[in-house]
Amino acid sequence: MTLLLAGDIGGTKTILRLAETTDSPGFHETSDSHLLRNIYEESYHSQDFPDLVPIVQQFLAKAKASTPQKACFAIAGPVVNNTAKLTNLAWYLDSERLQQELGIASVSLINDFTAVGYGIFGLNNKNLLTLQAGKPRLEAPIAVIGAGTGLGQGFLIKQGEHYHVFPSEGGHADFAARTELEFRLMKYLMDKHDIQRVSVERVVSGQGIVSIYQFLRDQKVAAESPDIAHIVRIWEQEAGKPEKSVDPGAIIGTAALQERDRLCEQTMQLFVEVYGAEAGNLAIKLLPYGGLYIAGGIAPKILPLMQQGSFLLNFTQKGRMRSLLEEIPVYIILNQQVGLIGAALYAARL
């Protein structure tokens with residue numbers, strides 16, 4: 001047995017997991033979750049520590065565990081040559097330094113969305129909701145998209161016996177407006193933020209939900225309820241602060257699910273439509289007949305809205321290419337620890 005350390009490292013929260021694995025040759029195109037036995041897990045507030053090293057040391061001491069042989073940390077930010085500067089945290093991580101200071105023989109750093117890609121192979125049917133069965137093809141590419149704080153995108157390609165995950169910055173591609181309402185939304189965002197272009201992440205993300213709400217509110221599409229208005233105003237007043245005291249995106253989504261606020265319902269309707277269209281844009285470029293997986297924190301929280309049909313309608317609405325997109329399997333990942341699973345599986349192959 002090999003002792004592994006996996007981590008999901010974010011600007012707000014760091015989650016560590018200790019696991020044992022059999023000496024397996026690596027990833028397979030079936031579930032690998034049976035290869036791992038979770039031993040201990042703990043969550044920490046990242047801002048309370050000057051670096052990752054003291055967190056790991058405290059974690060291993062509390063777990064009363066010996067030093068792991070391998071470790072993989074999924075980082076919320078770009079990873080270049082096994083080094084990373086966290087986007088919302090003053091940490092600079094280097095795998096060689098971590099190996100020396102922690103005494104771990106092999107340490108790897110990967111992007112958090114790359115970890116999600118590898119984590120797919122540790123999921124079972126209970127962790128997935130099928131939006132479109134499609135016609136799966138063995139050895140075909142796999143795509144991953146996920147709206148949360150931002151909009152992550154990536155893809156997996158079969159190389160030899162196993163899949164390899166490639167990260168992408170597709171969330172920063174241009175927002176592709178299609179309808180008069182969407183063109184007005186794009187113009188609204190350009191004027192509001194004094195920018196020359198709008199990335200799709202500005203619309204398809206938690207921040208995007210609030211932006212759509214503000215746009216529809218200012219267009220007087222529907223009346224604003226006092227309780228939602230109060231939360232949104234607080235969020236607006238805290239603009240520029242690294243951490244907000246409220247999450248209006250989640251409140252807007254909940255109100256829409258409960259059908260108690262017309263403005264919130266219309267906000268989420270437009271959000272789901274644009275989300276589906278962008279997922280279709282990714283799919284039409286990759287033709288991921290191995291499956292398109294929807295990750296991120298938003299989709300599982302608004303499952304009824306994702307299942308109502310407008311997501312798939314906009315996903316497949318690509319003119320003559322519609323028949324191709326109807327054959328692509330589409331899944332929503334329900335397990336929010338898929339990145340941690342992916343980090344553990346990646347550590348297993350080091």
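This passage walks through a mixed sheet, the helices beside it, and a few individual residues worth finding in the structure.

The model described here is predicted. A good place to begin is the open sheet, which is built from 5 strands in the order β3-β2-β1-β4-β8, with mixed pairing. At its edges are β3 (36-45) and β8 (106-111), each of which pairs on one side only. On average, and with direction ignored, neighbouring strands of this sheet are turned by 15° against each other.

Strand β1 shows how the mixed pairing comes about. This strand covers residues 2-9 and is mostly covered, as 7 of its 8 residues are buried. Towards β2 (residues 13-21), β1 is joined by 8 bridges, and the two strands run antiparallel. One pair to look for here is Gly7 of β1, whose bridge partner in β2 is Leu16. The two strands form a hairpin, with 3 residues between β1 and β2. Towards β4, in contrast, β1 is joined by 6 bridges, and these strands run parallel. Within this second pairing, Leu5 stands opposite Ala71 in β4.

The sheet can then be followed from β4 to its edge. Strand β4 (residues 70-75) is linked to β8 by 6 bridges, and the pair runs parallel. Lys70 has its bridge partner in β8, namely Ser106. Two helices meet the sheet in this region. Helix α2 (residues 95-102) packs on the sheet, where it touches β4 and β8, and its direction makes about 140° with that of β8. Helix α3 (residues 112-119) also packs on the sheet and touches β4 and β8, but its direction makes about 100° with that of β8.

Away from the sheet, how buried or exposed is Glu182? This residue is found in helix α4, which spans residues 180-193. Glu182 has a relative accessible area of 1% and therefore counts as buried, since the cut-off for that class is under 20%. Its surroundings can be traced in the model: leaving aside neighbours within four places in sequence, Glu182 is in contact with Phe175, Ala176, Ala177, Leu270 and Val274.

Leu324 offers another case to examine. It lies in helix α11, made up of residues 322-325. With a relative accessible area of 31%, Leu324 is partly exposed, because this class lies between the limits of 20% and 50%. Together with Ile284 and Met321, Leu324 forms a nonpolar patch on the surface. The accessible area of these residues together is about 200 Å².

Two further residues deserve a look for their backbone angles. Lys64 has a positive phi of about 55° although it is not a glycine. This lysine is placed in the loop between α1 (52-63) and β4. At a relative accessible area of 78%, Lys64 is exposed, because exposed residues are those over 50%. Glu139 likewise has a positive phi, of about 70°, and is not a glycine. Its position is in the loop between β9 (128-132) and β10 (142-147). Glu139 counts as exposed too, with 56% relative accessibility.

Conventions. Residues are numbered from 1 along each chain as its sequence is written. This is a predicted model: local features need pLDDT of at least 70, side-chain atom pairs count only at pLDDT 80 or more; totals for chains, interfaces and linings use all residues. Side-chain values use heavy atoms; hydrogens and water are left out. Two strands pair if DSSP finds at least two bridges between them. Helices (H or I, at least four residues) and strands (E, at least two) are DSSP runs, numbered from the N terminus. Axes are lines fitted to C-alpha atoms, for helices over the stretch in contact, and angles run from 0 to 180 degrees between N-to-C directions. Contact means heavy atoms within 4.5 Å. Patches are made of residues with over 30% relative accessible area and no salt bridge: like charges are joined within 9 Å, nonpolar side chains (Val, Leu, Ile, Met, Phe, Trp, Tyr) within 5 Å. Accessible areas come from the Shrake-Rupley method with a 1.4 Å probe; for residues, only the protein chains shown count as cover. A salt bridge is a side-chain nitrogen of Lys or Arg within 4 Å of a carboxyl oxygen of Asp or Glu. Buried means under 20% relative accessible area, exposed over 50%, partly exposed in between (1.4 Å probe, protein chains only).
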